[in-house]
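Please open the model in a viewer and keep the selection tool at hand. The stops below proceed from the surface to the enclosed spaces and then to backbone geometry.

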Amino acid sequence: MREFTYLRANSVADVPAGATIIAGGTNLLDLMKLEVMAPDALVDITRLDLNRIEPHEGGLRIGALVRNSDLAADPVVRREYPVLSRALLAGASGQLRNMATTGGNLMQRTRCPYFYDRRMACNKRDPGTGCSAQGGVTRHHAILGASDRCIATYPGDMAVALLALDAVVQIDGPAPREVPLADFHLLPGETPHVETVLKPGEVITGVTLPAPVGGEQRYRKVRDRASYAFALVSIAAVIRMEQGQISHAALAFGGVAAKPWRDGDAEAVLLGREPSDALFAQAADILLKPARAFGDHAFKIPLLRRTLMATLRDATGLEATA
């Protein structure tokens, strides 16, 4: 690990524009040890008053420093937003959840092995050097939203659930603003090293959730082993039924793109319709129309289809009546 300056912030104003923020450090410290990231300065923000879960405009506000374990166990989250609790519990070991924070979770970086291996070309780590993943081992790589510069995936679970819940990210800095989570992470395009909309000097201070919509919430994660593994495919689903028809459908997907993925057209086709395998297959067709496989992760396309249909059957009760 290279030398760096360590500072502790007492306010957002104490965060220098060029510094790297650290809270739990569960991802950042690994990257620093491998010299994938070598910041000149770290600013510890754990003294800031950002560790509360509180009501907000009929919904909930989650401070950026709320630990994943506390968020997963919160009674309101478990009752009104269970998809979030389930995603957090599926996301990591208990030890990591005790350290990882809400803001840090949103900022975690890809687990692409070529990004972590400094001997390999990686446009995300070193812009302009190429993408060794293309033509390499791609089992965990993207089938949606990738580019010829990068096919890495966003690895998190929490953000997938937050996306299905229409979360909004609160950002403080020179010009405080709020950004829908759907717009917070960026696709690689020509600049895969630019991963979020955060600007120098900005700090995530919290995440807000709208009032709960009711209905059924599911988080389904398919992975290579049952514990502490990143998703091959994951789905967060919020489905409400009224008079035998789907009246609300929010579907977010992980493990398949450089950001948590959502397709409004696939959701829209479900609305006002009675659940059926034919309807779910139609939604899957829309979702997967732009899907592309760059190597040995082609299995993700049928896997995502099967996982989506199984999740929709469960959330709508179709399995019980089929």
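The tour describes a predicted model and gives a selection for each stop.

**Stop 1: a surface patch**

Select M1, F4, Y6 and L29, and display their side chains. These residues form a nonpolar patch on the surface, and their accessible area together is about 360 Å². Within the patch, centre the view on Y6, which belongs to strand β1, residues 5–8. Is Y6 buried, partly exposed or exposed? Its relative accessibility is 43%, so Y6 counts as partly exposed, given that this class lies between the limits of 20% and 50%.

**Stop 2: the second largest cavity**

Keep M1 and F4 selected and add R2, E3, M32, E35, M37, A38 and P39; this set lines the second largest cavity. The volume enclosed there is about 40 Å³. By class, the lining comprises six nonpolar and three charged residues, with no polar ones. M1 and F4 thus appear both in the surface patch and in this lining.

**Stop 3: E35**

From that lining, select E35 alone. E35 is located in the loop that connects α1 (28–33) and β3 (41–44). Although E35 is not a glycine, its phi is positive, at about 60°. With a relative accessible area of 26%, E35 is partly exposed.

**Stop 4: D166**

Next, move to the loop between α8 (158–164) and β6 (168–172) and select D166. This residue also is not a glycine, and its phi is positive at about 60°. Because its relative accessibility is 39%, D166 counts as partly exposed.

**Stop 5: the largest cavity**

How many cavities of 30 Å³ or more does the structure hold? There are two, and the largest has a volume of about 70 Å³. To find the largest cavity, select C112, C122, C131, A133 and C150, which lie nearest its centre among the 14 lining residues. The classes in this lining are ten nonpolar, three polar and one charged.

**Stop 6: the second largest pocket**

Finally, select R111, H140, A229, F230 and A231. Of the 17 residues that line the second largest pocket, these five lie nearest its centre. The pocket has a volume of about 300 Å³. Its lining consists of eight nonpolar, six polar and three charged residues.

Definitions and conventions:
Residues numbered from 1 in each chain as written. Predicted model: local features only at pLDDT ≥ 70, side-chain atom pairs only at ≥ 80, totals over all residues. Heavy atoms only, no water. Patch = residues over 30% accessible without salt bridge, like charges linked within 9 Å, V, L, I, M, F, W, Y side chains within 5 Å. Areas by Shrake-Rupley, 256 points an atom, 1.4 Å probe, with all protein chains shown as cover. Salt bridge = Lys/Arg side-chain N within 4 Å of Asp/Glu carboxyl O. Helix = DSSP H or I, 4+ residues; strand = E, 2+ residues; numbered from the N terminus. Buried < 20%, exposed > 50% of the residue type's maximum accessible area, 1.4 Å probe, protein only. 1 Å grid on protein atoms, 1.4 Å probe; cavity = no way out; pocket = protein on both sides within 12 Å on 5 of 7 lines; lining within 4 Å. Points joined across faces, edges and corners; volume = space filled by probe spheres on them. Nonpolar A, V, L, I, M, F, W, Y, C, P; charged D, E, K, R; others polar.
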